[in-house]
Amino acid sequence: MSTNYEDRDFGFEREYDRTMPRGPRRMQRRKICRFCIEKVDLIDFKDVKLLQSYVPERGKILPRRISGVCAAHQRMLAEAIKRARNIALLPYAAD
Amino acid sequence: MAEKRTYELVFIVDPEVAEDEVMKLSEGVQKIITGQGGSITKTEMMGKRQLAYEINHKKDGSYVLLEVEGSGAEIAEVERRMRVNDQILRYMTIRVDEDRRRAQKLKDRRARKAAKQPGSGKSKAGAAQFISDEEELAG
């Protein structure tokens, strides 16, 4: 679960390459939004366990190109994470 | 004007303050709110837990959660008092009625859609609905 996405190269060339798959494991299955499946309408900032799964070790919010969360839910999620940070349930930055 | 708003009020109390003192502090806050014409719909002592980062060189704190209904004036008063109270490390008020209403609306819409097309072509209908929901939210 702890994707080290910061270390990976997401530069322009890589992005370009993705459009023409070469090699066997180039095509990745399209991820789908977990919150849509579970029909979540409201993301609570007090639900630390849930939020933590979208905050890798560094403390940053996991981008949705990695997690596959839909735009609407990513907005809710980001809001909830920021609220949780304010009252010290989640870190702003971890070393 | 006379519209009722719902707020969630969370505050963190200094870990050195004893539990019954925290209780008393919470009661004091509730008294201020009711005195200003608001009402408390929920109280929850979330207990002592570790802070994700240090606040005033403290590593943990006692969390208290209140759900308040009122006009907003009592929130201003409570926040003013909390600001000067150094037993309270941090407080946060969030208006929740609007978000809850929106969530309810989404839920109702989903229920209506499910009633309209019962189960036929399940996966396709589900995907189409999901897309339209997302568009409406974005727009």
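The following dialogue explains how to read several features of this predicted two-chain model.

User: How many helices and strands does each chain have, and in what order do they run?

Analyst: Chain A has five helices and zero strands, so its pattern from the N terminus is simply α-α-α-α-α. Chain B has four helices and four strands, arranged along the sequence as β-α-β-β-α-β-α-α.

User: How should I read a sheet, and in which order do the four strands of chain B lie?

Analyst: Strands of a sheet pair through backbone hydrogen bonds, and the pairing may be parallel or antiparallel. In chain B the four strands form an open sheet in the order β2-β3-β1-β4, with antiparallel pairing. The twist from one strand to the next averages 20°.

User: Why do β2 and β4 of chain B each have one side without a neighbour in the sheet?

Analyst: β2 and β4 of chain B stand at the edges and each has a single partner strand, so one side of each is left without a neighbour in the sheet.

User: How many bridges join the paired strands, and which residues stand opposite one another?

Analyst: Nine bridges join β1(B) to the antiparallel β3(B). Within this pair, B:Thr6 stands opposite B:Glu69, and B:Phe11 has B:Val64 as its bridge partner. On the other side of the pairing scheme, β2(B), residues 39-55, is joined to β3(B) by eleven bridges, also in the antiparallel sense. There, B:Gln50 is the bridge partner of B:Asp60.

User: What is found at the turn of the hairpin of β2(B) and β3(B)?

Analyst: Two residues lie between the strands of this hairpin, and B:Asn56 takes a positive phi near 50°.

User: Which strands does helix α1(B) lie across?

Analyst: α1(B) lies across β1, β2 and β3 of chain B, and runs at about 25° to β3(B).

User: How does one judge a helix such as α5(A) from its span?

Analyst: One compares the distance between its first and last C-alpha atoms with the span expected at 1.5 Å a residue. α5(A) has 16 residues and reaches 23 Å, close to the expected 22 Å. Just after this helix, A:Ala88 takes a positive phi of about 60°.

User: Which residues of α5(A) are buried, and what do they pack against?

Analyst: The buried residues are A:His73, A:Gln74, A:Leu77, A:Ala80, A:Ile81, A:Arg83, A:Ala84 and A:Arg85. The buried residues of α5(A) pack against α2 (34-37), α3 (48-52) and α4 (64-67) of chain A, together with β4 of chain B. For A:Ala84, contacts beyond its neighbours within four places in sequence are with A:Phe45, A:Val48, A:Leu51, A:Leu89 and A:Leu90.

User: How should I read the largest nonpolar core, and which elements give residues to it?

Analyst: In soluble globular proteins, nonpolar side chains tend to be buried together. Here the largest nonpolar core has 33 residues, of which A:Ile81 and A:Ala84 touch the most other members. Two or more residues each come from α5 (71-86) of chain A and from β1 (5-13), α1 (19-35), β3 (58-70) and β4 (88-95) of chain B. The largest share, six residues, comes from β1(B).

User: How many residues does each chain give to the contact, and of what class are those of chain A?

Analyst: The contact takes 15 residues from chain A and 19 residues from chain B. On the side of chain A, α5(A) gives the largest share, four residues. By class, that side has eleven nonpolar, one polar and three charged residues.

User: What percentage of each chain is buried, and is B:Val84 buried or exposed?

Analyst: Buried residues make up 21% of the 95 residues in chain A and 16% of the 139 residues in chain B. A residue counts as exposed if 12 or fewer other C-beta atoms lie within 10 Å of its own. B:Val84 has 7 such neighbours and is therefore exposed. B:Val84 lies in helix α2 of chain B, residues 73-84.

User: What share of the contacts joins residues far apart in sequence?

Analyst: Among contacts in chain A between residues at least 6 apart in sequence, 73% join residues at least 24 apart. In chain B, residues 24 or more positions apart account for 74% of the contacts with a separation of 6 or more.

Terms used:
Residues are numbered from 1 along each chain as its sequence is written. Chains are lettered from A and ligands numbered from 1 in the order in which they are written. This is a predicted model: local features need pLDDT of at least 70, side-chain atom pairs count only at pLDDT 80 or more; totals for chains, interfaces and linings use all residues. A nonpolar core is a set of buried Ala, Val, Leu, Ile, Met, Phe, Trp, Tyr and Cys residues joined through C-beta atoms within 7 Å. A residue is buried if 20 or more other C-beta atoms lie within 10 Å of its own, exposed if 12 or fewer, and partly exposed in between; C-beta atoms are placed from the backbone. Two residues are in contact if their C-beta atoms, placed from the backbone, lie within 7 Å. Ala, Val, Leu, Ile, Met, Phe, Trp, Tyr, Cys and Pro count as nonpolar, Asp, Glu, Lys and Arg as charged, and the others, Gly among them, as polar. Two strands pair if DSSP finds at least two bridges between them. The expected span of a helix is 1.5 Å times one less than its number of residues. Axes are lines fitted to C-alpha atoms, for helices over the stretch in contact, and angles run from 0 to 180 degrees between N-to-C directions.
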